[in-house]
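User: Hi! Could you walk me through this protein and its ligand? I'm new to this, so plain words please.

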Amino acid sequence: MLDSLASGLSIKNGYLFWHERNLYDMAKKFKTPLIVYSKEDIINNYTNINNSISKYFTNYEIKYAIKANNNKYILRLIKNLGAGVDASSKNEIIDAINSGFKSSKISFSPNNVSPEELEFALNNNININFDSLNQYRLIKNKDIKSISFRIKTDYGKGEFKGITTSGKGSKFGEIPKNALEGYKEAKENGCKNFGMHIMAGSNVRDYKHFKKVTNDILNIAINFENKLNIKFDYIDIGGGFGIPYRPNENILDIDKSFEKIFNAFKSKYKNDFPELIIEPGRYLTGNAGIILGTVYDIKKHEINYVGTDIGMNVLIRPALYGAYHHIEIVNKIDKIHNFKCDVTGQICENTDRIGKNILLPEPSCNDIIAVFSSGSYVQTMASHYNGREIPEELLLLKTGERIIKKREIKRNYNKN
Ligand SMILES: *Cc1c(COP(=O)(O)O)cnc(C)c1O
């Protein structure tokens with residue numbers, strides 16, 4: 001039943017194992033809160049999407065969205081698999097450079113940034129997907145090699161409104177009319193290379209979405225090519241490739257997605273295609289991470305509250321968008337799930353819930369919980385609120401495991 005959430009799960013003597021490792025023992029050994037990743041799963045996710053895309057395209061690039069998970073070890077792993085990266089800030093560019101990505105493998109898709117931040121990217125020969133005409137006008141030296149705008153169309157789709165990143169009500173991207181003006185200005189300034197970018201929404205498990213996004217962006221690109229007498233070198237359709245968060249949710253048909261994306265290119269461009277760029281984040285790391293936490297309190301009040309060390313400081317998505325993350329008690333995995341409860345953390349906010357109205361086996365203090373689908377948008381969104389530590393990160397290797405980030409304390413409380 002949990003197989004759609006993570007691969008390599010098994011149950012032995014009532015304990016949940018992941019890639020042959022007993023998660024209960026791991027939590028007790030490394031302490032909680034702990035985020036555990038599987039190297040094998042990240043490699044498999046990359047291989048999956050790379051195999052699908054290469055069935056249809058020869059000229060393409062996969063640029064991992066750093067904001068999904070910026071662990072240095074994971075960035076290096078993804079680099080060694082052959083991918084590039086998409087950064088959303090100067091500091092993410094620095095992470096990318098420090099992880100060994102060449103500037104040609106890095107793109108920058110920020111919004112509302114200072115001219116200094118834009119110029120930092122340009123000085124490092126990093127391609128920018130400008131969020132607006134105004135952002136392009138902010139840069140002083142217009143002698144740039146390549147220009148790309150993030151386009152906002154009328155259509156956007158995300159799992160939640162908070163992650164729907166195009167269409168009416170989205171703060172991202174430039175409307176086509178203004179983008180056209182931007183390409184025109186860039187051409188007049190001597191720019192000879194052109195790209196177009198769109199990121200229409202996140203965590204979508206319906207392949208039709210990617211077909212629609214590609215058709216929409218290609219229509220705009222061809223229209224601009226004709227109007228300005230230019231050719232686009234690349235079309236970047238962003239990320240958004242979704243994963244299941246609930247048991248029994250469908251898995252995105254990734255092959256079908258690229259078949260449809262390819263058909264859209266083929267019908268608009270015949271044979272002479274621009275390069276296809278995609279920027280998956282969640283798809284590469286999302287299902288490859290599990291958070292482990294400890295139960296420290298149980299209140300049987302008007303409802304049941306299960307108090308743990310995993311709150312909104314570790315995992316903010318439930319409080320931020322009402323996102324669902326599947327939770328299990330790893331040492332009671334095959335017990336009957338008849339205890340209706342909210343799972344809460346240690347933060348002084350009443351929105352501090354990671355599970356609402358869910359069913360668990362009857363918990364006890366010192367039980368270990370596992371929170372699934374936590375390899376993306378967990379560690380990067382974690383905070384020090386209430387003086388809490390950012391969890392330690394552990395990577396499961398083929399044999400053995402390795403701490404890839406130590407528990408992070410904001411300041412050294414011991415020394416004050
Ligand atoms: C967040 C983001 C991505 C990655 O999104 P996923 O849904 O994790 O694939 C890609 N590109 C841009 C510009 C983004 O902001």
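User: Let's start with the ligand: how many residues surround it, and which are the closest?
Analyst: Happy to help! Keep in mind that this is a predicted model. In it, 15 residues surround the ligand, and the closest are K67, S202, G240, E279 and Y377.

User: What classes are the residues in that shell?
Analyst: The shell around the ligand has four nonpolar, six polar and five charged residues.

User: How far is the side chain of K67 from an oxygen atom of the ligand?
Analyst: An N or O atom in the K67 side chain is 2.8 Å from a ligand oxygen. The side chain of E279 has an N or O atom 2.6 Å from a nitrogen of the ligand. The backbone takes part too: a polar backbone atom of G281 is 2.9 Å from a ligand oxygen.

User: And how much of the ligand does the protein bury?
Analyst: Taken alone, the ligand exposes 390 Å², and the protein buries 93% of that.

User: Where does the ligand sit?
Analyst: It sits in the largest pocket, whose volume is about 690 Å³. That pocket is lined by 37 residues, and the closest to its centre are K67, T165, F172, M199 and Y377.

User: Switching topic, what volume does the second largest pocket have?
Analyst: About 470 Å³. There are 23 residues lining the second largest pocket, with N125, I126, N127, K145 and S146 the closest to its centre.

User: Which element gives the largest share of that lining?
Analyst: That's helix 5, with three residues. By class, the lining of the second largest pocket divides into eight nonpolar, eight polar and seven charged residues.

Methods:
Residues are numbered from 1 along each chain as its sequence is written. This is a predicted model: local features need pLDDT of at least 70, side-chain atom pairs count only at pLDDT 80 or more; totals for chains, interfaces and linings use all residues. Side-chain values use heavy atoms; hydrogens and water are left out. On a 1 Å grid over the protein atoms alone, a cavity is a set of points where a 1.4 Å probe fits but cannot get out, and a pocket is an open set with protein on both sides within 12 Å along at least five of seven lines; lining residues have an atom within 4 Å of a point. Grid points are joined across faces, edges and corners, and a volume is the space filled by probe spheres set on the points. Helices (H or I, at least four residues) and strands (E, at least two) are DSSP runs, numbered from the N terminus. Ala, Val, Leu, Ile, Met, Phe, Trp, Tyr, Cys and Pro count as nonpolar, Asp, Glu, Lys and Arg as charged, and the others, Gly among them, as polar. A residue is near a molecule or strand if one of its heavy atoms lies within 4 Å of it. A polar contact is a pair of N or O atoms within 3.5 Å; within protein, one must be able to donate a hydrogen and the other to accept it, and residues adjacent in sequence count only if both atoms are side-chain atoms. Accessible areas come from the Shrake-Rupley method with a 1.4 Å probe; for residues, only the protein chains shown count as cover. A molecule sits in a cavity or pocket if more than half of its atoms lie within 2 Å of its grid points.
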